[in-house]
Amino acid sequence: QRREPPLQDLGSMASATDSRYGQKESSDQNFDYMFKILIIGNSSVGKTSFLFRYADDSFTPAFVSTVGIDFKVKTIYRNDKRIKLQIWDTAGQERYRTITTAYYRGAMGFILMYDITNEESFNAVQDWSTQIKTYSWDNAQVLLVGNKCDMEDERVVSSERGRQLADHLGFEFFEASAKDNINVKQTFERLVDVICEKMSESLDTADPAVTGTKQGPQLTDQQAPPHQDCAC
């Protein structure tokens with residue numbers, strides 16, 4: 001049985017982990033860009049399974065609640081660029097919220113996930129969106145994903161409701177299944193494409209705030225300006 005470390009220990013891990021990982025990546029020049037991506041949403045919507053399906057092409061039906069935060073690394077090729085993805089899997093429980101939001105700053109993309117068989121997880125999407133606006137930088141890109149679309153017999157959230165909410169929030173929308181490997185790769189690749197499109201626009205306007213580099217986005221420690229929803 002896995003023991004959960006004290007919350008204060010998890011909190012102190014945030015900056016230390018980012019620091020160690022950043023040092024490791026700065027010495028690795030075999031990529032053109034590095035994007036930090038977070039998967040967020042209520043507990044048990046399938047965030048960890050979604051990440052494992054994408055990173056390792058594996059799936060296990062057993063549910064083990066994520067403790068604090070974890071990440072995986074995957075390198076892909078998009079538009080003739082070698083892009084290293086640093087994908088963070090966050091805990092959905094309220095008691096870890098302060099810890100996980102510490103990782104929002106510097107993230108270039110978010111996968112905001114709900115469970116199509118769980119009305120409560122869908123109703124929480126608005127609150128998670130507010131978390132992104134509050135703690136992330138202004139140009140972070142977001143995809144809304146309704147997971148577990150293989151469980152059609154247990155569906156309580158229609159595709160149309162998901163799409164309408166995504167339109168309202170200014171996000172792109174996917175339904176997916178980690179179990180049946182439906183739209184998992186497509187979701188990540190679309191998010192990377194949207195980030196690249198935003199970077200391309202920033203290069204055209206010479207805005208250094210949204211220009212990606214091998215070390216990730218160039219961000220300051222100043223508070224990000226108010227977020228504007230953008231359907232890119």
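This is a stop-by-stop tour of a predicted model, with something to select at each stop.

**The whole chain**

Start with everything shown as a cartoon. You should find 7 helices and 8 strands in the chain. Colour by burial next: of the 232 residues, 47% count as buried. If you like contact maps, take the contacts between residues at least 6 apart in sequence; 76% of them join residues at least 24 apart.

**The sheet**

Now hide the helices and look at the strands. An open sheet is formed by 6 strands, and reading across gives the order E2-E3-E1-E4-E5-E6, with mixed pairing. Strand E2 (69–78) and E6 are the edge strands, each pairing on one side only. Ignoring direction, neighbouring strands of this sheet are turned by 25° against each other on average.

Zoom in on the E2 side. E2 and strand E3 (residues 81–90) run antiparallel and are joined by 10 bridges. To check the register, pick isoleucine 76: its bridge partner in E3 is isoleucine 83.

Bring the helices back and see what lies on the sheet. H5 packs on it and touches strand E1 (33–41), E4 and E5, with a direction about 165° from that of E4. H6 packs on the sheet too, touching E4, E5 and E6, and its direction makes about 155° with that of E6.

**The loop between E2 and E3**

Select aspartate 80, which lies in the loop between E2 and E3. What is its phi? About 65°, a positive value although aspartate 80 is not a glycine. As a general background, most residues other than glycine have a negative phi. Aspartate 80 is also exposed, with a relative accessible area of 81%.

**Across to E5, H6 and E6**

Move to the other edge of the sheet. E5 and E6 run parallel, with 4 bridges joining them, and leucine 143 stands opposite glutamate 172 in E6. Add the helix to your selection: E5, H6 and E6 make a right-handed β-α-β unit.

On the way from E5 to H6, stop at lysine 148, which sits in the loop between the two. Lysine 148 has a phi near 70°, again positive in a residue other than glycine.

Next, show side chains on helix H6 (residues 159–169). Which of its residues are buried? Gly162, Leu165, Ala166 and Leu169 are. These residues lie on the same side of H6, because they cover an arc of only 100° around the axis. Turn the helix around, and the face pointing away from the buried side shows the exposed residues Asp167 and His168.

Expand the selection from the buried residues of H6 to see what they pack against: strand E4 (109–115), helix H4 (119–123), helix H5 (125–135), strand E5 (141–147) and strand E6 (172–175). Glycine 170 follows H6 and has a positive phi, near 85°.

**Into the core**

Switch to nonpolar side chains. The largest nonpolar core has 54 residues, and Phe35, Phe50, Leu85, Phe110, Leu112 and Leu144 are those with the most contacts inside it. Helix H7 (residues 184–205) supplies the largest share of this core, 7 residues.

Leucine 112 is a good one to centre on. Leaving out residues up to four places away in sequence, leucine 112 touches Ile40, Val125, Trp128, Ser129, Ile132, Val142, Leu143, Leu144, Val145 and Phe171. Leu143 has already come up on this tour, opposite glutamate 172.

**Two polar residues to finish**

Select glutamine 131 in helix H5. Is it buried or exposed? Glutamine 131 counts as buried, because its relative accessibility is 17% and the cut-off for buried is under 20%. Setting aside residues up to four places away in sequence, the contacts of glutamine 131 are Arg97, Thr101, Tyr104 and Ser136.

Last, pick aspartate 56 in helix H2 (residues 47–56). With 39% relative accessibility, aspartate 56 counts as partly exposed. Beyond residues up to four places away in sequence, aspartate 56 touches Leu51 and Lys72. Draw a distance between the C-alpha atoms of aspartate 56 and lysine 72: these residues are 16 apart along the chain, and the separation is 9.4 Å.

Technical notes
Residues numbered from 1 in each chain as written. Predicted model: local features only at pLDDT ≥ 70, side-chain atom pairs only at ≥ 80, totals over all residues. Heavy atoms only, no water. Buried < 20%, exposed > 50% of the residue type's maximum accessible area, 1.4 Å probe, protein only. Arc of directions from axis to C-beta. Contact = heavy atoms within 4.5 Å. Pairing = 2+ DSSP bridges. Right-handed = clockwise from strand over helix to strand, strands pointing away. Core = buried A, V, L, I, M, F, W, Y, C linked by side-chain atoms within 4.5 Å. Axes fitted to C-alpha atoms, helices over the stretch in contact; angles between N-to-C directions.
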